[in-house]
Amino acid sequence: MLNFFLILLLFIIHVSASDSKGDYFMSIWHNRLYLYSAAALVFGSWFAVKMALKKVNLVCFPLDKNNNCSDKDTVVHVSGVKIFYGSQTGTAKGFAVELSEEVKTLGIPAEVTDMKDYDPDDQLADECTSKSICVFIVATYTDGQPTENAEWFCKWLEEASTDFRYGKTYLKGLRYAVFGLGNSVYVGHFNTVGKNVDKWLWMLSGMRIMTRGEGDCNVVKSRNGSIQADFLAWKVKFLNRLQALAKGEKKSCSGNCKTGGTCKNKRKDRQVMEEEKAEELIESSSDEDESGLQDEKKSGSVVDMEDLGNIMNSAKKAMSKEEGRGDGQMVKLSKLNGVKKIEDEGERREMITPALREALTKQGYKLIGSHSGVKLCRWTKSMLRGRGGCYKHTFYGIESHRCMETTPSLACANKCVFCWRHHTNPVGTEWRWKMDPAEKILQDAVEKHQNMIRQFRGVPGVKPERYEEGLAVKHCALSLVGEPIMYPEINTFIRLLHSHHISSFLVTNAQFPQEIRSLEPVTQLYVSVDASTKDSLKKIDRPLFKDFWPRFLDSLKALGEKRQRTVYRLTLVKAWNVEEMQAYSELIALGQPDFIEVKGVTYCGESSASSLTMANVPWHQEVVAFVQQLADMLPQYEIACEHEHSNCLLIAHTKFKVEGEWWTWIDYERFQELVQAHEESGGQQSFSALDYIAKTPSWALFGASEQGFDPADTRFQRRNKTKDISGC
């Protein structure tokens, strides 16, 4: 201001020196520079004062508890955070609640909303002007579909994104972030829902505040080792971004300004963009749906040829950083414009994550190493007390109190609707984890099993002689959970069992035909036949393999090539697979099993991962009727045994009916002799199922008054108590 007055004074003195009116105007013209300078100084001073006042207002940050600014001066940049979740098993809901608590600690209001309780048609547009941040935490369910509680929201959003009546700017002003939950094992559907929600919001002109996060249940490909760790990493970034937004900070220029203007940081930001693209190349897995997002709005995200070299160099640097973390992750660089995929195996991760270990431990599993487990079967406990054995005791002569239920692989290639583990176990289509030696697994399994048996010492009702027998494991049911045949050293494990005179009962889900063919002789090999048509199998087993049906049929053929005892295990689910009689008979003709177990599905309680209810559990009379109809369609099979307590019947090939009497039981000592001779001959000396048969007792036969209950034991009726639904 002082400069302004000096210039004005000089101008007045100069003008007063003029002698005439004409000279007065000429003087003004000659000294116009002083006037221009004065005007510029006045404008500059006004602008400086205005900016200073604006800075004072920004200091009045609403989250600052110590500020004394009035409400009129406070500038609110974030009014709150609304967190929407689409969850089937509760994981996404848990993440939403966790994020809400973290946001509240920053002093920002947060609200958690179930998508099924929110009407996007009436409410979502209001979020555009409320200055709130919307977070969508959504899981991908079967076949890439949204979870049940998110179905309507996603359907509305998809339709609105292409409906001209809403317009492309319907959600302009909406600030949002998306975190998706999925499993990269489902190659074609990984995080589909999260990608779609992100795409549809963007198509309606919503503004992302940060890159979409993707959680992966597959620990092998999960960027941070587990889906929980993936969410934690994304959450930290989100909270940092939220704090920046709350302070009024804007995202830095990307170097690709839409206005066409110049950008001082263009070179620097282009480098950042290249590094981000490289990271996305490494993080992504089968993100073919992502291309659709860019195509929808023609955003111009095509990589220029001149930038390709820079991006690839950045990708290599990012890969080097990834390797340096030592997390054992399989690092992959996907194909980019014909560039060959690069892989670095590195150290493999453990199958059991801390969260999974906690969940399985709560269910009573005794975990072994990084991928195995053992658990005490309910029938083991029952037979220790003289209250009866399982259906394997009735059908094949197993001593249930001497049977160890275990698995060398907790992972499975299916997510069956009737899974009694409620899908807490991991899934996979091939072995990609760290591997424990077979010797260690067997040693720990037997030790943990014996420790569980010892807990029954002195328990009222436990028979002393059976307690002592129970400490010596005689049978091993490889049917606890998961897919034991996936374990690469399964043949070594089976040989170890036999060397300890332990019989082997192995169950597989008919998705690994080559592994079945290469399997060493086992006492009895099962294949689960949960449905007889492609559509019903997909509906019930929910397999991970895209070619699940050819694999299924080939597995049945592989079973038919085996010379030892083979079994089809049929699980009946009322209203799902009990009407497919002719199709079942055709599958039986394909594999020619020795036995067919038909069992009514066991209801394992409510589970958000399955829609199964008690209405899907058939009565025993219904199972009997089904088996009778099926047996009539099979010329070489008859009903042999029944175990009413397990709602199970056995159809046997008539070659096991010798002179009018059934020989479905197993001579276990004879089997051990035969398998030992097979080992010693290097596999040259073979044997068949008929070489180790034993006569079936009368009480185990179908139609007997005992209905499969051993008369040597006392049947115990449990009243007004929750049933123990565990067991094989």
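**Salt bridges, packed helices and buried contacts in a predicted model**

A search of the whole structure finds 26 salt bridges. The structure is a predicted model, and every value given below was computed from it. Side chains of opposite charge can pair when their charged atoms come close. Three such pairs offer a way into the chain.

The first pair to consider is K235 with E98, whose closest N and O atoms are 2.7 Å apart. This salt bridge links distant parts of the chain, since K235 belongs to helix 8 (residues 227-246) and E98 to helix 4 (residues 91-105), with their positions 137 residues apart in sequence. The two partners have their own surroundings. K235 counts as buried because its relative accessibility is 5%, which falls under the 20% limit. E98 has 33% relative accessibility and therefore counts as partly exposed.

A second salt bridge joins D198 and R212, with 3.0 Å between the closest N and O atoms. D198 sits in helix 7 (residues 192-203), while R212 is in the loop between strand 5 (207-208) and strand 6 (213-216), so the pair ties together parts that are 14 residues apart in sequence. D198 is buried, with a relative accessible area of 3%. R212 is buried as well, with a relative accessible area of 15%.

The third pair is formed by the side chains of R517 and D554, which meet at 2.8 Å, N to O. Here too distant parts of the chain are linked: R517 lies in helix 18 (residues 513-517) and D554 in helix 20, 37 residues apart. R517 is partly exposed, its relative accessible area being 30%. D554 is likewise partly exposed, at 23%. Returning to D198 and R212, salt bridges that share partners join these two residues with R208 and E214 into one network.

Helix 20, which holds D554, also takes part in a helix pair. Two packed helices are described by the angle between their axes and the distance between the axes. The axes of helix 19 (residues 534-541) and helix 20 (residues 548-560) come within 10 Å and cross at roughly 100 degrees. An angle from 65 to 115 degrees counts as roughly perpendicular, and helix 19 and helix 20 are therefore described in that way. Which residues meet where these two helices come together? From helix 19 they are K534, L537 and K538, and from helix 20 they are F548, W549 and F552.

Individual residues show how parts of the chain come together. M452 lies in helix 15 (residues 438-454). With a relative accessible area of 6%, M452 is buried. Leaving aside residues up to four places away in sequence, M452 touches K366, V374, K375 and L376. The C-alpha atoms of M452 and L471 are separated by 9.4 Å, and these two residues are 19 apart along the chain.

N647 gives an example from a loop, the one between strand 17 (637-643) and strand 18 (648-653). Is N647 buried or exposed? N647 is buried, because its relative accessible area is 12%, under the 20% limit. Again not counting residues up to four places away in sequence, N647 touches V598, K599, G600, P618, W619, H620 and V623. One of these, P618, is 29 residues from N647 in sequence, and the C-alpha atoms of the two are 8.7 Å apart in space.

The surface offers another view. F43, W46, F47 and M51 form a nonpolar patch there, and together they have about 450 Å² of accessible area. Within this patch, F47 is placed in helix 3 (residues 32-59). F47 counts as partly exposed because its relative accessibility is 44%.

The account closes with the chain as a whole. The protein chain has 23 helices and 22 strands. Of its 728 residues, 50% are buried. Among contacts in the chain with a separation of 6 or more, 75% are between residues 24 or more positions apart. The accessible surface of the protein chain comes to about 35,700 Å², and carbon and sulfur atoms account for 52% of this area.

Conventions: Residues are numbered from 1 along each chain as its sequence is written. This is a predicted model: local features need pLDDT of at least 70, side-chain atom pairs count only at pLDDT 80 or more; totals for chains, interfaces and linings use all residues. Side-chain values use heavy atoms; hydrogens and water are left out. Patches are made of residues with over 30% relative accessible area and no salt bridge: like charges are joined within 9 Å, nonpolar side chains (Val, Leu, Ile, Met, Phe, Trp, Tyr) within 5 Å. Accessible areas come from the Shrake-Rupley method with a 1.4 Å probe; for residues, only the protein chains shown count as cover. A salt bridge is a side-chain nitrogen of Lys or Arg within 4 Å of a carboxyl oxygen of Asp or Glu. Helices (H or I, at least four residues) and strands (E, at least two) are DSSP runs, numbered from the N terminus. Buried means under 20% relative accessible area, exposed over 50%, partly exposed in between (1.4 Å probe, protein chains only). Axes are lines fitted to C-alpha atoms, for helices over the stretch in contact, and angles run from 0 to 180 degrees between N-to-C directions. Angles under 35 degrees count as roughly parallel, over 145 as roughly antiparallel, 65 to 115 as roughly perpendicular and the rest as oblique. Contact means heavy atoms within 4.5 Å.
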